[in-house]
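The following paragraphs walk through a structure, taking its sheets and its ligand surroundings in turn. Please keep the sequence and the coordinates at hand while reading.

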Amino acid sequence: MTKAIQAIRGMNDCLPGETEKWQQVEQVLRNVASNYGYSEIRMPVVESTALFKRGIGEVTDIVEKEMYTFDDRNGDSLTLRPEGTASCVRAGNQHGLLYNQEQRLWYMGPMFRHERPQKGRYRQFHQFGLESFGIASADIDAEVIILSARLWRELGIEDFVTLELNSLGSNEARADYRQALVEFLTQHEDKLDDDSRRRMHSNPLRVLDSKNPDVQALLVDAPKLSEYLDEESQQHFADVCKRLDAAGISYRLNDKLVRGLDYYNRTVFEWVTDSLGAQGTVCAGGRYDGLVEQLGGKATPAVGFALGIERLVLLLTSLDKFQNLRPAADVYVVSMGADAELAALRLSEQWRDAVPQIRIQTHCGGGKFQKQLKRADKSGAQIAIILGESELEQETVTVKYLRQQKEQISLPFAQVAELLTNLVEG
Ligand code: ATP
Ligand code: MG
């Protein structure tokens, strides 16, 4: 026997039963984004490698270790996008959407990172992202956070996620802090693990993010980023907090919150949960005023976030929030005999015309009555509509209830549409 080919490790199929959950979540994401006047943008999955190197930063984990990069047949270096913001900015610059304008955009789709696959961490995963361009004031930082909070309410998980908030300040303030932090870390280099020691030189702020309890204990005495914030950034941060307070959104100030991407300045935030184990960050974002210019556009302030759809679906599943998922069909049409089969085909089309919401599976592939009824049951449909020779003669159908203890009934053709309407509305 030939060996069956498997999917790539960390790249998952999403099967029926699961796709319905995704559709429900995606619907909420789209609706909420549109409630705030955001428009969808779709970018290619493959971009020039240079875009991510320049955008995300050469010494970030993503660029150093996680990208799917390859030479195409022309010898150009291409990369499967590991995130959406750099692509979104590239598209905005390329099509003149950003300069001197305001844009509120969202996107959704697959991202690729070569990480160790585990629960909540995959090599192909999906993000919903939202970006707002052209507004420098704190009201827009607050807007994107308030919007994200609405997502959790709509999904019914507002009690299971916590907002963590920090400000990274200006680039200059961060450079000063970086120097102070490196001095501190150098003094305690012997107590750092290999990972932190490496980061101390390449990307020292990421040491703050270390999961190692010994490193965290050491950091208690480290200089604080908040003490280095420039005055304008302090004011900006206070303005963000004031608006969140006014909107009734609670948050936890976390001065160790830094992000794994280099482009952030000022506001950064994460929504985290205890219900997912180690992969607890559901959504992350912040302000990135330098990125547009860094990618060749005119300086444009920007703020946004991205959320991981897999983690959201996992969280919703673990909280049992998918109770009303519908099977693929409401009705299954069974027919016996060649004439009845043709009639079933024709009538099914008429019923779909008459009741646009109805989902009808018409039996295909022939076979005995009992076999067809088994299929009807397996389809998950509420009722089977049965058409045999005698039904055809009398222009009636037999309706068999598959999920209720109810006697089967006989119904004239003309009354079927009404029954189906009641079925979808009930
Ligand atoms: P983490 O700290 O979990 O590695 P990150 O900081 O790398 O996350 P971002 O680049 O900010 O994550 O991406 C935003 C969101 O996308 C994350 O909060 C998470 O929900 C999701 N995400 C990131 N990487 C993965 C992955 N490999 N698999 C599944 N979801 C992911
Ligand atoms: Mg990561």
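In this predicted model, five strands make up an open sheet of mixed pairing, arranged in the order S13-S12-S14-S15-S16. Its edges are formed by strand S13, residues 360–362, and strand S16, residues 409–412, each of which pairs on one side only. From one strand to the next, the twist averages 30°.

At one of these edges, strand S15 (residues 396–401) and S16 run antiparallel and are joined by four bridges, and within this pairing Val 397 stands opposite Leu 411 in S16. The sheet also has a helix lying across it: helix H13, which covers residues 369–378, lies across strand S12 (331–335), strand S14 (383–387) and S15, and it runs at about 170° to S12.

A second sheet can be read in a similar way. Here three strands form an open sheet in the order S2-S4-S3, and the pairing is antiparallel. Strand S2 (46–48) and strand S3 (68–71) stand at the edges, and because each has a single partner strand, one side of each is left without a neighbour in the sheet. Direction ignored, neighbouring strands of this sheet are turned by 35° against each other on average.

The pairing of S3 with strand S4, residues 77–80, is antiparallel and consists of four bridges; in it, Tyr 68 has Leu 80 in S4 as its bridge partner. Helix H2, residues 49–56, packs on this sheet and touches S2, S3 and S4, with a direction that makes about 75° with that of S2. The hairpin of S3 and S4 has five residues between the strands, and in this hairpin Gly 75 takes a positive phi near 90°.

We can now turn to ligand 1 and the residues around it. Which residues come nearest to ligand 1? Of the 16 residues around the ligand, the nearest are Arg 113, Glu 115, Arg 121, Tyr 122 and Arg 259. By class, this shell has seven nonpolar, four polar and five charged residues.

Several strands contribute to the shell around ligand 1, since at least two residues each are supplied by strand S6 (124–133), strand S10 (281–287) and strand S11 (302–308). The largest share, four residues, comes from S10.

Individual atom pairs add detail to this picture. A polar side-chain atom of Arg 121, one of the residues that come nearest to the ligand, lies 2.8 Å from an oxygen atom of ligand 1. The side chain of Arg 311 has an N or O atom that is 3.0 Å from an oxygen atom of ligand 1, whereas for Gly 308 a backbone N or O atom lies 3.3 Å from an oxygen atom of the ligand. Taken alone, ligand 1 exposes 580 Å², of which the protein buries 89%.

Notes. Residues are numbered from 1 along each chain as its sequence is written. Chains are lettered from A and ligands numbered from 1 in the order in which they are written. This is a predicted model: local features need pLDDT of at least 70, side-chain atom pairs count only at pLDDT 80 or more; totals for chains, interfaces and linings use all residues. Side-chain values use heavy atoms; hydrogens and water are left out. Two strands pair if DSSP finds at least two bridges between them. Axes are lines fitted to C-alpha atoms, for helices over the stretch in contact, and angles run from 0 to 180 degrees between N-to-C directions. Contact means heavy atoms within 4.5 Å. A residue is near a molecule or strand if one of its heavy atoms lies within 4 Å of it. A polar contact is a pair of N or O atoms within 3.5 Å; within protein, one must be able to donate a hydrogen and the other to accept it, and residues adjacent in sequence count only if both atoms are side-chain atoms. Accessible areas come from the Shrake-Rupley method with a 1.4 Å probe; for residues, only the protein chains shown count as cover. Ala, Val, Leu, Ile, Met, Phe, Trp, Tyr, Cys and Pro count as nonpolar, Asp, Glu, Lys and Arg as charged, and the others, Gly among them, as polar.
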